[in-house]
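Here are a few short exercises to work through with the structure open beside you. Try each task before reading its solution.

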Amino acid sequence: MPPPADIVKVAIEWPGAFPKLMEIDQKKPLSAIIKEVCEGWSLGSHETYALQIADATNFYITEKNRNDIKNGSILRLTTSPYQTALQLHERIQSSSMDAKLESLKDLANASRDITFAQEFINLDGISLLTQMVESGTERYQKLQKIMKPCFGDLLSFTLTAFVELMDHGIVSWDTFSVAFIKKIASFVNKTAMDTAVLQRSLAILESMVLNSQDLYHKVAQEITIGQLIPHLQGTDQDIQTYTIAVINALFLKAPEEKRQEMAHILAQKQLRSIILTNVIRSPTPINDEMAHQLYVLQVLNFNLLEDRMMTKMDPQDQAQRDIIFELRRIAFDVESEPNNGGSIEKRKSMYTRDYKKLGFINHVNPAVDFTQIPPGMLALDNMLYFAKHHQDAYIRIVLENSSREDKHECPFGRSSIELTKMLCEILKVGELPSENCHDFHPMFFTHERSFVEFFCICIQLLNKTWKEMRATSEDFNKVMQVVREQIMRALSVKPNSLDQFKSRLQNLSYTEILKIRQSERMNQEDFQSRPILELREKIQPEIMELIKQQRLNRLCEGTCFRKISSRRRQDKFWYCRLSPNHKVLHYGDLEESPQGEVPHDSLQDKLPVADIKAVITGKDCPHMKEKGALKQNKEVLELAFSVLYESDEYLNFIAPDKHEYCVWTDGLNALLGKEMTSDYTKTDMDTLLSMEMKLRLLDLENIQIPEAPPPIPKEPSNYDFVYDCN
């Protein structure tokens, strides 16, 4: 007979004693269970004790998380969070350097637990740590010559404990003094500083900037880009990552009017070329966190274009109109005619003729073409840059199209405006960076004016594709669709430079795009005749079963999930996998990201599949309803899912990417006997079904399949031809 659901069998450890096997009644108050355990070892004052999970996390058991205790768990009897916090609060103020070092190390480890953190913060522990950093640094520095390793460790553990405590979101960042900010900034500004101290200091500055507009101004006064640049020129990728994260945070929180100024400073300090040389082209492979920070920097740089993209041209502004005159002058090598040179009507006629050749929609007043937002004035900026910096190509395009018949000319003006709008859509100009995206393009770090150079390559591609398609003005939208496909396919291979991007486009001619489309159509061929449809329906359940088995096999392999909070970079992981018999989900916390599969026995927690009630996705998940920075993030919402079990208990997930999200939601739905509805399942079904259909119809190649089965012949007049075996 199975034990009652409220009874959990565990082992409890106590230093110096033999572990005790116990049955815990989850209906009893936790204090009564602790009292019973203490009495078993003849320990008085049970209220000063608590239970912990006996693993690397050492998290305290509370009334809130006690349901996480599973059969077979190993617990540890230890001092209560309040007593531990009180002891550490006293010990970190010890006059003995060794005792102080050991206690700060313990504090850094204990602070990861929110129950302990709350007690330590209630003792004004944060203020104590900030005072130690502010006033104790001078004393530490005097000892540095004698005890250099000790100094680095002492400060490192102090800052680590501070970061861990602040990560719980209990204390507001606005409470810190200017003196503390100056001290943290001084650790970053020094050229020779302990790596761990530098890393924690950068993390603290990033959090200050992101979590408080007031602190942004204070940090911006203490830290300059010039002081951060040297940290990018080292070889430690973690330090480089934190440094770029601080630059991104300063960029993101800067008032709009200061962002252009900051971008100018970044250009002066050659940030782009330093990142290109020391990070992107470094022999060290770029990890996910660095890729994310480079993506954020790329997005923030492109977002500087938003102001021009959303600015309409003022047809009455002479300075803006002069830009259009300059385009005309460069194209046709004409100088501005003096006022008395010919009649006004004649000059207007000449301008209209030239503006038509330049491909503007409004031949009389081309300024009207730039009143559409997006792309607004950004399109005109791109055209002027192309005309000035790629003059030969510009003149060739304009003159080539001037000599064609009207219906076959590729309108340069209209094309440039639509292309600029398309590139802004592709690069998502004006959108905030996504929380989980790593999609940076190395080629955009190879040129100071990467966007406009990108435009110059693409406008030449557009003209080339127009000629290859023998397009007319009616085909304009079709040409733009082909150009978009060419650009997207070239970007998908992540070229390392603009020249590589250009070479890739050379191989993606219109003819090649047609071949690719034809190939994809053949791969996804969907015959509509009734026999084929019936065959598809017959095969579909087999394919769906195959997909289901694949999903369950992937769940058995398991996935590493990142624990994400308002501070993104915590490097805290947990792993979840399905047992081979598909009966139990094993999960548990990890110290670091695993290199391969994590064995079942190292995952302490279990959830029987039979206890799962439902799978919840998106904004309905409880961890997406909580207050925090993740609440508003669309990308995170699309990767979030939760498993509901028992009555009100949830196991919450944020998938590392869309692929893993589809695998896990499909697999969990399959376990519950529900339909697998993800986009990934649909894609797999289409691919596998198409392959299976082609294999089965291989012998019918070039044979016409009739829409209806052949008619059944009439019955014969007699059955004399039938042979009776009996």
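**Exercise 1. Burial and surface**

Task: Find what share of the residues of the protein chain count as buried.

Solution: Keep in mind that this is a predicted model. A residue is buried when its relative accessible area is under 20%. Of the 726 residues, 46% count as buried. Now turn to the outside: the accessible surface comes to about 37,600 Å², and carbon and sulfur atoms hold 50% of that surface.

**Exercise 2. Overall form**

Task: Decide whether the protein chain is more spread out than a compact globule or not, and say why.

Solution: Start with the secondary structure: the chain has 29 helices and 11 strands. Next, compare two values: for 726 residues the globule rule gives 27 Å, but the radius of gyration is 34 Å, well over that, so the chain is more spread out than a compact globule. Then look at the box that the C-alpha atoms fill, which is roughly 110 × 110 × 40 Å along the principal axes.

**Exercise 3. Nonpolar cores**

Task: Name the residues that touch the most other members of the largest nonpolar core.

Solution: As background, nonpolar side chains tend to be buried together in soluble globular proteins. Here the largest core has 82 residues, and L107, L129, F162, M208, I275 and L294 touch the most other members. Take M208 as a case: beyond its neighbours within four places in sequence, M208 is in contact with W173, F180, I181, L215 and V219. Finally, move to a second, separate core of 67 residues, which includes A331, L378, F386 and I397.

Note on methods
Residues are numbered from 1 along each chain as its sequence is written. This is a predicted model: local features need pLDDT of at least 70, side-chain atom pairs count only at pLDDT 80 or more; totals for chains, interfaces and linings use all residues. Side-chain values use heavy atoms; hydrogens and water are left out. Helices (H or I, at least four residues) and strands (E, at least two) are DSSP runs, numbered from the N terminus. The radius of gyration is taken over C-alpha atoms; the globule rule is 2.2 Å times the number of residues to the power 0.38. Buried means under 20% relative accessible area, exposed over 50%, partly exposed in between (1.4 Å probe, protein chains only). Accessible areas come from the Shrake-Rupley method with a 1.4 Å probe; for residues, only the protein chains shown count as cover. A nonpolar core is a set of buried Ala, Val, Leu, Ile, Met, Phe, Trp, Tyr and Cys residues joined through side-chain atoms within 4.5 Å. Contact means heavy atoms within 4.5 Å.
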